[in-house]
Amino acid sequence: MAYITCKDLTLGYQDGIVAEHISFVVDQGDYLCVVGENGAGKSTLIKTLLHLIRPISGELMMEDGISPQEIGYLPQQTVVQRDFPASVWEIVLSGTLTKCGRRPWYGKAEKELALKNLERMGMKEFRTRCYRNLSGGQQQRVLLARALCATSKLLLLDEPVTGLDPKAAEEFYELLKSLNQEGIAIIMVSHDIRTAVRQASHILYIDKENSFYGTQEEYLQNMNGNAMHTTTLHETGDDPADGKKGMDISL
(Lines give C-alpha, C1' and ligand atoms only; values in the text may rest on other atoms or scores of the structure.)
Protein backbone atom coordinates (compact mmCIF):
# COMPACT_ATOMS: atom_id res chain seq x y z
CA MET A 1 0.00 0.00 0.00
CA ALA A 2 1.07 3.58 -0.66
CA TYR A 3 2.25 5.77 2.19
CA ILE A 4 0.50 8.83 0.73
CA THR A 5 -2.10 9.09 -2.02
CA CYS A 6 -3.35 12.49 -3.21
CA LYS A 7 -6.19 12.67 -5.70
CA ASP A 8 -7.16 15.91 -7.43
CA LEU A 9 -6.23 18.14 -4.49
CA THR A 10 -7.12 21.79 -4.49
CA LEU A 11 -4.82 23.71 -2.14
CA GLY A 12 -5.34 27.12 -0.66
CA TYR A 13 -6.69 29.24 2.14
CA GLN A 14 -9.84 31.15 2.92
CA ASP A 15 -8.77 33.98 0.67
CA GLY A 16 -8.32 31.83 -2.40
CA ILE A 17 -6.95 28.84 -4.27
CA VAL A 18 -3.18 28.43 -4.56
CA ALA A 19 -2.99 25.29 -6.73
CA GLU A 20 -5.40 22.64 -7.98
CA HIS A 21 -5.57 19.26 -9.69
CA ILE A 22 -2.65 17.91 -7.63
CA SER A 23 -2.43 14.12 -7.79
CA PHE A 24 0.47 11.87 -6.78
CA VAL A 25 1.41 8.73 -4.89
CA VAL A 26 4.34 8.05 -2.57
CA ASP A 27 5.27 4.42 -1.95
CA GLN A 28 8.00 2.89 0.15
CA GLY A 29 11.39 3.72 -1.33
CA ASP A 30 10.10 6.53 -3.57
CA TYR A 31 12.07 9.75 -3.89
CA LEU A 32 9.66 12.52 -4.88
CA CYS A 33 11.05 15.95 -5.68
CA VAL A 34 8.49 18.79 -5.62
CA VAL A 35 9.40 21.71 -7.89
CA GLY A 36 7.67 24.81 -9.15
CA GLU A 37 8.02 28.55 -9.32
CA ASN A 38 7.81 30.73 -6.21
CA GLY A 39 4.21 31.02 -5.06
CA ALA A 40 3.14 27.90 -6.94
CA GLY A 41 1.97 26.16 -3.77
CA LYS A 42 4.91 24.04 -2.61
CA SER A 43 4.78 25.34 0.98
CA THR A 44 1.00 24.98 1.00
CA LEU A 45 1.37 21.35 -0.03
CA ILE A 46 3.78 20.72 2.85
CA LYS A 47 1.34 22.22 5.35
CA THR A 48 -1.41 20.06 3.88
CA LEU A 49 0.65 16.85 4.12
CA LEU A 50 1.43 17.67 7.76
CA HIS A 51 -2.29 18.25 8.38
CA LEU A 52 -1.65 21.84 9.45
CA ILE A 53 -4.26 22.96 6.93
CA ARG A 54 -7.01 21.10 5.11
CA PRO A 55 -7.21 20.77 1.34
CA ILE A 56 -10.04 22.78 -0.14
CA SER A 57 -11.13 19.70 -2.07
CA GLY A 58 -9.85 16.33 -3.22
CA GLU A 59 -8.58 13.31 -1.31
CA LEU A 60 -5.49 13.01 0.89
CA MET A 61 -5.00 9.47 2.20
CA MET A 62 -2.23 8.27 4.49
CA GLU A 63 -1.92 4.52 4.70
CA ASP A 64 0.42 1.70 5.70
CA GLY A 65 0.79 2.95 9.26
CA ILE A 66 1.74 6.53 8.33
CA SER A 67 0.32 9.46 10.30
CA PRO A 68 1.34 13.15 10.20
CA GLN A 69 3.16 12.62 13.52
CA GLU A 70 5.23 9.84 11.94
CA ILE A 71 6.63 11.97 9.13
CA GLY A 72 10.19 13.10 9.75
CA TYR A 73 10.03 16.78 8.87
CA LEU A 74 12.98 19.05 8.11
CA PRO A 75 11.72 22.62 7.56
CA GLN A 76 13.48 25.55 5.96
CA GLN A 77 15.73 27.20 8.51
CA THR A 78 15.36 30.86 9.42
CA VAL A 79 18.17 33.03 10.74
CA VAL A 80 16.66 32.79 14.23
CA GLN A 81 16.55 28.99 14.09
CA ARG A 82 20.20 28.79 13.00
CA ASP A 83 21.09 30.73 16.14
CA PHE A 84 19.10 28.47 18.50
CA PRO A 85 21.01 28.16 21.82
CA ALA A 86 20.56 24.44 22.51
CA SER A 87 22.94 21.52 22.44
CA VAL A 88 23.06 19.11 19.53
CA TRP A 89 21.92 16.34 21.89
CA GLU A 90 18.87 18.32 23.06
CA ILE A 91 17.76 19.06 19.51
CA VAL A 92 18.09 15.48 18.24
CA LEU A 93 16.48 14.00 21.35
CA SER A 94 13.46 16.27 20.88
CA GLY A 95 12.70 14.32 17.70
CA THR A 96 11.60 11.38 19.85
CA LEU A 97 8.86 13.32 21.69
CA THR A 98 6.02 11.60 19.84
CA LYS A 99 7.36 8.24 21.06
CA CYS A 100 7.22 9.27 24.72
CA GLY A 101 3.43 9.17 24.86
CA ARG A 102 2.28 10.78 28.10
CA ARG A 103 5.64 10.40 29.80
CA PRO A 104 7.15 13.83 30.63
CA TRP A 105 10.68 12.45 30.24
CA TYR A 106 12.88 10.62 27.75
CA GLY A 107 13.41 6.93 28.40
CA LYS A 108 16.28 4.64 27.53
CA ALA A 109 14.78 3.73 24.15
CA GLU A 110 14.49 7.38 23.07
CA LYS A 111 18.05 8.16 24.14
CA GLU A 112 19.40 5.13 22.29
CA LEU A 113 17.49 6.15 19.16
CA ALA A 114 18.84 9.70 19.33
CA LEU A 115 22.39 8.44 19.77
CA LYS A 116 21.98 5.98 16.90
CA ASN A 117 20.84 8.71 14.50
CA LEU A 118 23.57 11.11 15.59
CA GLU A 119 26.09 8.41 14.77
CA ARG A 120 24.29 7.67 11.52
CA MET A 121 24.73 11.31 10.48
CA GLY A 122 28.36 11.43 11.61
CA MET A 123 27.53 13.91 14.38
CA LYS A 124 27.95 11.79 17.52
CA GLU A 125 31.16 13.55 18.56
CA PHE A 126 29.34 16.91 18.37
CA ARG A 127 26.52 15.97 20.74
CA THR A 128 27.68 18.29 23.53
CA ARG A 129 28.32 21.22 21.20
CA CYS A 130 25.99 24.19 20.94
CA TYR A 131 23.90 24.01 17.80
CA ARG A 132 24.44 27.67 16.96
CA ASN A 133 28.20 27.12 16.71
CA LEU A 134 27.97 24.49 13.96
CA SER A 135 28.43 25.08 10.24
CA GLY A 136 25.36 25.12 8.00
CA GLY A 137 26.07 21.60 6.74
CA GLN A 138 26.52 20.29 10.28
CA GLN A 139 23.28 21.92 11.40
CA GLN A 140 21.38 20.21 8.58
CA ARG A 141 22.86 16.85 9.58
CA VAL A 142 21.65 17.46 13.13
CA LEU A 143 18.16 18.33 11.92
CA LEU A 144 18.13 15.26 9.70
CA ALA A 145 19.12 13.11 12.69
CA ARG A 146 16.22 14.70 14.59
CA ALA A 147 13.80 13.94 11.74
CA LEU A 148 14.97 10.31 11.65
CA CYS A 149 14.09 9.99 15.34
CA ALA A 150 10.46 10.55 14.36
CA THR A 151 10.28 8.04 11.51
CA SER A 152 11.79 5.06 9.78
CA LYS A 153 9.49 5.37 6.77
CA LEU A 154 9.04 8.86 5.34
CA LEU A 155 11.04 12.12 5.33
CA LEU A 156 9.62 15.47 4.24
CA LEU A 157 12.23 18.15 3.50
CA ASP A 158 11.67 21.78 2.54
CA GLU A 159 14.58 23.31 0.58
CA PRO A 160 17.13 21.46 2.75
CA VAL A 161 20.28 22.80 1.04
CA THR A 162 19.34 26.48 1.01
CA GLY A 163 22.30 28.50 2.21
CA LEU A 164 24.77 25.61 2.06
CA ASP A 165 27.99 25.78 0.09
CA PRO A 166 28.21 23.40 -2.91
CA LYS A 167 30.33 20.82 -1.07
CA ALA A 168 28.00 20.69 1.95
CA ALA A 169 24.96 20.52 -0.36
CA GLU A 170 26.45 17.62 -2.31
CA GLU A 171 27.27 15.75 0.91
CA PHE A 172 23.71 16.30 2.14
CA TYR A 173 22.27 14.96 -1.11
CA GLU A 174 24.48 11.88 -0.75
CA LEU A 175 23.06 11.32 2.75
CA LEU A 176 19.53 11.49 1.36
CA LYS A 177 20.42 9.10 -1.42
CA SER A 178 21.82 6.62 1.10
CA LEU A 179 18.71 6.85 3.30
CA ASN A 180 16.50 6.37 0.26
CA GLN A 181 18.46 3.27 -0.75
CA GLU A 182 17.76 1.90 2.74
CA GLY A 183 14.04 2.09 1.93
CA ILE A 184 13.06 5.43 3.44
CA ALA A 185 10.67 7.37 1.21
CA ILE A 186 11.60 11.00 0.62
CA ILE A 187 9.53 14.02 -0.36
CA MET A 188 11.80 16.99 -1.02
CA VAL A 189 10.79 20.49 -2.05
CA SER A 190 13.57 22.03 -4.11
CA HIS A 191 14.50 24.65 -6.69
CA ASP A 192 17.45 22.48 -7.71
CA ILE A 193 15.99 20.77 -10.75
CA ARG A 194 19.42 19.44 -11.74
CA THR A 195 19.58 17.30 -8.60
CA ALA A 196 15.88 16.43 -8.86
CA VAL A 197 16.34 14.96 -12.31
CA ARG A 198 19.53 13.16 -11.32
CA GLN A 199 18.39 11.78 -7.97
CA ALA A 200 14.60 11.60 -7.68
CA SER A 201 12.52 8.65 -8.82
CA HIS A 202 9.45 10.86 -9.30
CA ILE A 203 8.86 14.57 -9.85
CA LEU A 204 5.86 16.72 -8.99
CA TYR A 205 5.88 20.05 -10.79
CA ILE A 206 3.26 22.33 -9.24
CA ASP A 207 1.63 24.94 -11.39
CA LYS A 208 -1.67 26.67 -10.68
CA GLU A 209 -3.21 25.53 -13.95
CA ASN A 210 -1.05 22.75 -15.37
CA SER A 211 0.75 20.58 -12.80
CA PHE A 212 2.68 17.44 -13.65
CA TYR A 213 3.45 14.22 -11.77
CA GLY A 214 5.42 11.31 -13.12
CA THR A 215 8.63 9.39 -13.12
CA GLN A 216 11.99 10.95 -13.75
CA GLU A 217 11.94 9.72 -17.35
CA GLU A 218 8.37 10.95 -17.96
CA TYR A 219 9.29 14.38 -16.62
CA LEU A 220 12.13 14.76 -19.10
CA GLN A 221 9.81 13.84 -21.98
CA ASN A 222 6.88 15.99 -20.88
CA MET A 223 6.29 19.51 -22.14
CA ASN A 224 5.76 20.75 -18.59
CA GLY A 225 9.10 19.27 -17.65
CA ASN A 226 10.80 21.10 -20.51
CA ALA A 227 9.13 24.36 -19.50
CA MET A 228 10.18 23.96 -15.89
CA HIS A 229 13.71 23.11 -16.95
CA THR A 230 13.90 26.35 -18.94
CA THR A 231 12.58 28.35 -15.98
CA THR A 232 15.12 26.83 -13.65
CA LEU A 233 17.99 27.57 -16.03
CA HIS A 234 17.01 31.23 -15.94
CA GLU A 235 16.71 31.23 -12.13
CA THR A 236 20.15 29.68 -11.63
CA GLY A 237 21.91 31.69 -14.29
CA ASP A 238 22.75 28.58 -16.30
CA ASP A 239 20.92 29.81 -19.37
CA PRO A 240 22.65 28.88 -22.63
CA ALA A 241 21.13 32.01 -24.18
CA ASP A 242 23.29 34.09 -21.83
CA GLY A 243 26.42 32.40 -23.11
CA LYS A 244 26.75 30.23 -20.03
CA LYS A 245 27.09 26.52 -19.88
CA GLY A 246 23.78 24.74 -19.53
CA MET A 247 23.10 21.83 -17.20
CA ASP A 248 23.79 18.28 -18.25
CA ILE A 249 20.62 16.43 -17.27
CA SER A 250 21.36 13.21 -19.07
CA LEU A 251 20.55 10.11 -17.03
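**A tour of two aromatic pairs and a helix contact**

Begin by selecting Phe212, which is buried (under 20% relative accessible area, with over 50% counting as exposed and values in between as partly exposed, for a 1.4 Å probe and protein chains only) because its relative accessible area is 9%. The model is predicted, so local features need pLDDT of at least 70 and side-chain atom pairs count only at pLDDT 80 or more, while totals for chains, interfaces and linings use all residues. Residues are numbered from 1 along each chain as its sequence is written, and side-chain values use heavy atoms, with hydrogens and water left out.

Add Tyr219, also buried, with a relative accessible area of 1%. Phe212 and Tyr219 form a tilted aromatic pair, 5.7 Å centre to centre with 55° between the planes; rings of Phe, Tyr and Trp (its six-membered ring) pair if their centres lie within 6.5 Å, and planes under 30 degrees apart count as stacked, over 60 as edge-to-face and the rest as tilted.

By this rule there are two aromatic pairs. For the other, select Phe24 and Tyr213, whose ring centres are 6.3 Å apart and whose planes meet at 55°, so this pair is tilted. Phe24 lies in strand β2 (residues 16-26) and Tyr213 in strand β9 (residues 212-215), 189 residues apart. Phe24 is buried at 1% relative accessibility, whereas Tyr213 is partly exposed at 28%.

Finally, select helices α4 (residues 108-120) and α5 (residues 136-150), which pack at about 135° with their axes 9 Å apart. Among the residues that meet, with heavy atoms within 4.5 Å, are Leu113 and Leu118 in α4 and Leu148 in α5.

Conventions: Axes are lines fitted to C-alpha atoms, for helices over the stretch in contact, and angles run from 0 to 180 degrees between N-to-C directions. Helices (H or I, at least four residues) and strands (E, at least two) are DSSP runs, numbered from the N terminus.
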